[in-house]
Amino acid sequence: MEVNQIRITPHIIIPKGNFDFVLEATHNEQLYLGCLEAEKHMMTDYDACLIGIRRAMEMLGIELERQGREELYNITSQEALRSIFIDLKRIKSNRNGLKERRRISRKNFFMRHVVDFAKKDHEDYTKEQIMDFIRDYAEVYPYEYLDDRRANKSMKNIAQDMYVRCSRPLKEKGCGTGEDCAALIRMFHRLMCLLNYVQEPFEYELVPFEDYYPIPSEYYEELEFVKGSNFGMYVSGDGKTYYMLKRKDAEYLNSLNPDVHRQRSEELERIGMLWERLSTMAGYGPCRVEEIGTQDYRRLVLEFEGRPHALTQNVIDNIDKSGMKEELIRSIVRMLRCMHEGNPPIAHMSLNPEYIYVCVKVDVILTYIVDFDMARMLNVRNEYPGRDMIEDHFNAVDLKKFIAPEIRNSPDITPEEPCAADIYSLGKLVKYVYGKNEKKVRDYVENLIIKDPAERPTIAAAGRAFDEEVVYFEPTVTLGLEVMDEFRLLVFTNFRGFEDHVVSDTVSVGRMFSSEGKDIKIDSPIASRTHGKFEKTDGGFEYSDMLSTNGTFINGVLYGAQRRGRTEPKELKFGDILKIDTPELKKEHKNAVYMFVLRPSKYKMKQYEIDIEDGLDVYIGREEGDIILTNNRVSKKHARFVVKNGSLYIQDLKSTNGLYVNGKQADRPVRLNPTDSVRIEDYVFIVTDKKIYYFAE
């Protein structure tokens, strides 16, 4: 048994171990984390491991007591917990009038419920498992720890003995051994399975789904997942593959009212069918769909191609900055074609951003429908679990407006043309994606949201019209969301100008390196001999300052222990600006070093320069201007440098992808000072006292 951790981001690390069934069985995250805390110390800190098992036992006792009181007194979970903690703190007066604590403890709850469990009339297989557990425990520990004459032949004796053995470190520091810890973890694991009626939780025998772990719900918002929808998000043990699990077990479905039961069963059937079709579509990886679990404990597992993001406004803004809005719409169209043109056709009829997840890859966006929750959206209820959080995610967008009027006005009647309702939703989604730029798609959207469903185009016609009416140049690649396999490091110093490097593996930067090796020489006296390191990781690249004298500024934030800056590695993304400078100076040092993290380019580039003088008016564009930049993400007329009243300005000419001054997007003319940088896609301009230096084809 081995415990590791899954690093999803530099700030989100989740534990993985052999107790993930506890979270599914009890929904008690504290109990689950308590079990993992005990397990992770099994081979490293024996005292901490045994104390952790004891605390997990106590938490288990409280959890079982809570469940019992909820059922017995018909009260809420919070009320049951409140009454338990009152009992734990209650005091009484003895015969002498002195107050003493009542003889009740968390250990008592644990013991009582283990004994009650053993006395209950279980099914035959559970009785057999109880006897197997008793025999296995007795083989390891034949007699109780406190009395070597009393054999461990009952659940009561075993529960008492297990608790005492895990309490030893409190009395005898360091007496635990690795064998004790492994044995007690294993026995506690089996006891947890018994008490939660879980049958062989890890023997699903479906590769690769035996190695996935639930992502705690407090991370959902940061990872752009929607909390409150009818699924849970999981991640593989290596942190690279994401899964969606939807409940399919009979106990869950039978707990719903008949109408919702039918709708939920239809939803599971349709989403499984859709994902299987996606796996045959060009541009998608194998969208595997599996079922796991025992006969009664079923889950539908759907695997994403990359890290998924809910279609929130924040994700759309990032896609917009990378110039991939058109590719996003194309991907939604591909998904709808997969639904409508299949046999049989699949119609959603209540499609909205809440039901769409996107995975952004290097040059393509994959969209997935993650819910067909007709039970909620057909009735267009305003209140349901998770409503507040979903409003936060979608900036209080009214999700009802995405539903076609024929569905919204008659939720109980299936329309004659159900696929036409999705065309209406597509029009609203296009408008949602383009946001402030909806003028560009106004005519296109109006053709999709026609009131009469029969007059709306098919999904194939809608896709062709989008390419003909909206898309004027080929889609572009993303900026900042994809995994960074390699990047260009464009280094600028006053002494040498621009130097272009391609980084595809771990490299160091500093004064000591030769220009002939793989490491990068920084020719500046304020750079240390080994200043920093670009380290390749599974998710891209990280930069670490190597205890340099002056540290490294990354997007204006100082990293470096010598200058009391941040010391953790910084995950890099395209567009980041690194600077080596002396922090105590108010102005940039004359030998300051700028490093720009850019996407790889297929063009051979070199350095150019422009003299700054009165009357300067230089236009930049892809097809028109004094400076021609051939990258297709540059607009025809993108920007211009102009000198007015003796000052230099950069002005964006309403370009599609904008420009950045010192790493910040500039929507209006910006006055430029010496050492300011301007980035237009993968091109960098550096301003000095008398010249503008830039690096282009």
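**N28 and a six-stranded sheet**

Biologist: Is N28 buried or exposed?

Modeller: This is a predicted model. N28 counts as buried because its relative accessibility is 18%, and the cut-off for buried is under 20%.

Biologist: Where is N28 in the fold?

Modeller: N28 is in a loop. Helix 1 (20-26) comes before that loop and helix 2 (29-40) after it.

Biologist: What does the N28 side chain make a polar contact with?

Modeller: The side chain of E63, at 2.7 Å.

Biologist: And which residues does N28 touch, leaving out those up to four places away in sequence?

Modeller: L23 and E63.

Biologist: Switching to the sheet with strand 24. What is the strand order?

Modeller: The order is 24-34-33-32-29-30. That is an open sheet of 6 strands with antiparallel pairing.

Biologist: Which are the edge strands?

Modeller: Strand 24 (606-611) and strand 30 (664-665). Each of them pairs on one side only.

Biologist: How many bridges do strands 32 and 33 pair over?

Modeller: They pair over 4 bridges, in the antiparallel sense. Strand 32 covers residues 677-680 and strand 33 covers 683-687.

Biologist: What does R679 stand opposite?

Modeller: V684, in strand 33.

Biologist: Now the whole protein. How many helices and strands?

Modeller: It has 18 helices and 34 strands.

Biologist: What share of the residues counts as buried?

Modeller: 52% of the 697 residues.

Biologist: And the exposed surface, how much of it do carbon and sulfur atoms supply?

Modeller: They supply 45%. The protein exposes about 34,200 Å².

Terms used. Residues numbered from 1 in each chain as written. Predicted model: local features only at pLDDT ≥ 70, side-chain atom pairs only at ≥ 80, totals over all residues. Heavy atoms only, no water. Pairing = 2+ DSSP bridges. Helix = DSSP H or I, 4+ residues; strand = E, 2+ residues; numbered from the N terminus. Buried < 20%, exposed > 50% of the residue type's maximum accessible area, 1.4 Å probe, protein only. Polar contact = N/O pair within 3.5 Å; in protein donor to acceptor, adjacent residues only side chain to side chain. Contact = heavy atoms within 4.5 Å. Areas by Shrake-Rupley, 256 points an atom, 1.4 Å probe, with all protein chains shown as cover.
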